[in-house]
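User: I'd like a close look at one part of this model: the strand pairing, and what sits around it. Keep it chatty, but give me the cut-offs as you go.

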Protein chains: 2
Amino acid sequence: MEHEKYMRRCFELARRATGLVSPNPLVGSLLVKDGNLISEGWHREFGSPHAEAEALNQAGAESAGCDLYCNLEPCSHTNKKTPPCVPHIIGSGIKRVVISNRDPNPDVNGEGILKLREAGIEVIEGILEDEGRELNKFFFHFITKRTPYVTVKIAQTLDGKITSCEGKQTRITGVDALRDVHKLRNSYDAVLVGSKTVSIDDPQLNVRRINGRNPIRIVLDCELNLPLDRKIFNSRDPEKTWVFTGKNNDAERIEKLKASGVRVFEFDSDGANCIGICHILKFLGEQNIASLLIEGGAGTFTKFLSANQFDELIVYHAPLFFARGVTAILEPFETVLKPWSVRILGKDTKTVFKKEN
Amino acid sequence: MEHEKYMRRCFELARRATGLVSPNPLVGSLLVKDGNLISEGWHREFGSPHAEAEALNQAGAESAGCDLYCNLEPCSHTNKKTPPCVPHIIGSGIKRVVISNRDPNPDVNGEGILKLREAGIEVIEGILEDEGRELNKFFFHFITKRTPYVTVKIAQTLDGKITSCEGKQTRITGVDALRDVHKLRNSYDAVLVGSKTVSIDDPQLNVRRINGRNPIRIVLDCELNLPLDRKIFNSRDPEKTWVFTGKNNDAERIEKLKASGVRVFEFDSDGANCIGICHILKFLGEQNIASLLIEGGAGTFTKFLSANQFDELIVYHAPLFFARGVTAILEPFETVLKPWSVRILGKDTKTVFKKEN
C-alpha cells in the first residue's frame, strides 16, 4: 500500500510534463525516509534533468538512507543529453529503489536495476506496472517500434454517424467531450486529418479549451488542392502545420505554402492510397513523433483501421440517432478490439478500445 | 455514514426479491440498537409480509428502543393484502425510523411519516434518495402513471448495426452481455418483440443464463401470421406468451394459439401502427405489468422511441463495425437523452440512457 501510494504520486508528478518531454518518457520521482516525504522531482521537458536527478538534488545530503521511488527504471547509459542517474543514485547513499516499469529502451532494459543491485541497493520493481505502462504507452511503443503510437478518435452518434449530411459539418458532442479532445491534443505529438475534413470543417486543430501546447497538425492532401484560406494554413505557429502530399504536385503551390511557414512533405503511394500509411508512420518516427491522433474524417479513419495501422480507438458517443448521414467507418475491418475504459463526459460517453493481443 | 451503511444493506435485502413482488416495490428493512444489528427483513413476494413486519417479528420484544431502517416510507393504509406497518412500528416501541424515499403511492405519500411523528417517533428521510428511487424506478413510475416503465434494449455494433444482413440473425455481443440481458429479463415483468424478430431470430425470451423467473413474453403480430413452430409458442409456460394482434384476424388461428395455452389479445390501431402503442401500455398497466423491456427489432425499437413511449434506453456495444446491415433505429427521434451509467461487460460495453427532464 505504501509503495502504491508513493508510486501514484510519481505518476502525478510525471503527468505534469504531459506533451513536453516526447519522445522521452513521463517520469516522476520522490525520496522517502522513515515514512516522511523528503523531496520530489519530475522530468520537466525534453533535454532537462531527469526526475531522479531533480529529487536527489533537491534533497541534497538528506538523500543518504532514503528510499527512491521512480515510475521508470533509472538510466545507466551515457549516449544522451543528461548524465545517467544510476551512478548519481549510488553516490547519494540511497538505500532502496522502488520502480513501476523497466525501461524498454534497449540501452537500459534491466541494466540500471542490475547496476543498482550490484552496488548493494535493494530494488523493488513492478509496482502498479499496468498503470505505469499506460502512462508511458507512447514511449513504450516508440522506443521499441520507432513509429508513433496511433490513436483513432471518432465522435459519433449512437448509430455511428459523424455528420447528418455529406459535405456538411454537424456538431455531435458537447463541451465536455470537446474539452477532452483538447486534452488529447495536448498529449499527442501530432494530430492528422484528411483533406475533406479541412475543406468542410475547417478545424484549427490546436489546443484552446485547456492550457497546453499545440500539437503538430498534419493534413493528408494527396493532390495538393486544398484552399489556402483554411485555418490550419493561417495559424500563429505555421511551422506546426505539415502538409503530406503525393509526388509531382503543383510546385508553385508547394512554394506558396512553404513561404507562409507551412511545411510540405511528398510521399510515395502504397498502391491503395495516394500517400502510403506505412511511409507516413516511418517518416514520423524519424521525426521523433512518438504519438499520432487521427481526427478524421471517414476516409482517413477507414484507411488507418482497415490497414490495421493503429493502436487505440477512442469513440465519443453522443446520445443521438441521425438515421441518415455519413458513418465513421466505410468498410468493415478485421482487427479485434476490446473495451479498455468507459466514462460519462457530460452529455456524452467516451469509450477507449485497444487491440486484443 | 452509519445511515448510509444501513440503507445500503436495506437495498441489498430488497434486491433479493427482484422480479417477485411487482407491482409492489422492492423493500428491505433492519433494526439496529446501540450500533448492533438486531434483525433484517425484506418483502419476499407479492402478497407476503412487508419488510418492516419481517424485521419487527424477527426481533420480537427486542424491537423496543431500536432504530428501524427501511428504504421506503412505511405504509399506513389498509386497502391492501397485508396489515399496515405504521401501527406495528409504533406498537413495537421503535425509537427512530430512517428511510430513503417517501412512498409516492397516493394512499401513503407522507401519511406514514406523519403518523410516526405524531406518535413521538423521530423520522429521518432522504438517505441515499437517488439510489432508492433507481432501485424502485418501476414502482415509482407505475404507481403514479399506471402504465409500465418502458426500457428499450439494443445490442449493436459501433456503427449501430443489429445484424450484418437483412433477414439474418447475427450474434453481436458476448456472453457477459447476454447474461446481463437475462438479469434484465428476470427483473422486468414483461419483454416485448416484433413479429420479424420472432420470425427470423426465433428467440426463447426466457431466463436461462442466471437463476430467475421468466417474464411475460409479448409478441406484436399485427396480422397474426407467425409460424406456430416458433419457440415462444412452444414453451413450458405457454400462459406467459402473449400475442398482441390487430382486430379481425383469422379466428381459427386465434383458437389454435389459445388451445396451446398462449394468450391472444386484439388491439385497436392508432393510425401509425396496426397495434396502438398507447393502447398496449394502458392494457399492460391494467394487468399490473409495471415494467416492460423492448427487445427488438429495428421496427419495434423505432416505434417506441419515435413515439417517445419509453423511459430508458440500454445500448450494448460490441466493438465491431459491419459497415453494412440493418441499423437499430430507422428514423431520427426528438427525445433528448443523457447517459446514466456506463460499464465494460466482458468484450462489450453497456450504456444506460435516460430521458433529460
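Analyst: Here is a walk through the strands, followed by the contact between chains and a few backbone oddities.

Some ground rules first. This is a predicted model, in which local features need pLDDT of at least 70 and side-chain atom pairs count only at pLDDT 80 or more, while totals for chains, interfaces and linings use all residues. Residues are numbered from 1 along each chain as its sequence is written, and chains are lettered from A and ligands numbered from 1 in the order in which they are written.

To get your bearings, chain A is split into domain 1 (2-140) and domain 2 (146-355), with bounds that come from an automatic or database domain assignment. Their C-alpha centres are 34 Å apart. Where they touch, seven residues of domain 1 of chain A meet nine residues of domain 2 of chain A; a contact here is two residues whose C-beta atoms, placed from the backbone, lie within 7 Å. On the domain 1 side of chain A, that patch has three nonpolar, three polar and one charged residues. For those classes, Ala, Val, Leu, Ile, Met, Phe, Trp, Tyr, Cys and Pro are nonpolar, Asp, Glu, Lys and Arg are charged, and the others, Gly among them, are polar.

Now the sheet itself, over in chain B. Nine strands form an open sheet with mixed pairing, in the order β11-β10-β9-β8-β12-β6-β13-β16-β15 (chain B). Strands (E, at least two residues) and helices (H or I, at least four) are DSSP runs, numbered from the N terminus, and two strands pair if DSSP finds at least two bridges between them. At the edges sit β11 (263-266) and β15 (337-345) of chain B, each pairing on one side only. From one strand to the next, the twist averages 20 degrees.

Zoom in on β6 (residues 149-157) and β13 (residues 312-318) of chain B: they run parallel and are joined by seven bridges. In that pairing, B:Ala155 has B:Tyr316 of β13(B) as its bridge partner. Helix α7 (residues 175-187) of chain B packs on the sheet, touching β6, β8 (190-194), β12 (291-296), β13, β15 and β16 (348-355) of chain B. The direction of α7(B) makes about 35 degrees with that of β16(B); axes are lines fitted to C-alpha atoms, for helices over the stretch in contact, and angles run from 0 to 180 degrees between N-to-C directions.

Other strands of chain B are worth a look too. All six of the six residues of β3 (residues 67-72) of chain B are buried, so β3(B) is largely enclosed by the rest of the structure. Buried means 20 or more other C-beta atoms within 10 Å of a residue's own, exposed means 12 or fewer, and partly exposed is in between, with C-beta atoms placed from the backbone. β3(B) pairs with β1 (residues 28-33) of chain B in the antiparallel sense over four bridges, where B:Leu30 partners B:Tyr69. With β4 (residues 96-101) of chain B, β3(B) runs parallel over five bridges, and B:Cys70 partners B:Ile99 there. β4(B) is mostly covered, with five of its six residues buried.

Back to β15, for the contact between chains: 26 residues from chain B meet 26 from chain A. β15 and β16 of chain B each supply at least two residues of the chain B side, and β15(B) gives the most, with six. By class, the chain B side has 16 nonpolar, four polar and six charged residues. The copies meet through the same surface, because 100% of the interface residues of chain B are also interface residues in chain A.

Last, the backbone. Most residues other than glycine have a negative phi, and most peptide bonds are trans. In the loop between β12 and α11 (298-306) of chain B you'll find B:Gly297, which is joined to B:Gly296 by a cis peptide bond with omega of about -5 degrees. B:Asn288 has a positive phi of about 60 degrees and lies in the loop between α10 (277-286) and β12 of chain B. B:Asn308, in the loop between α11 and β13 of chain B, has a positive phi near 55 degrees. B:Asn308 is exposed, with 12 other C-beta atoms within 10 Å, whereas B:Asn288 counts as partly exposed, with 14 C-beta neighbours inside 10 Å.
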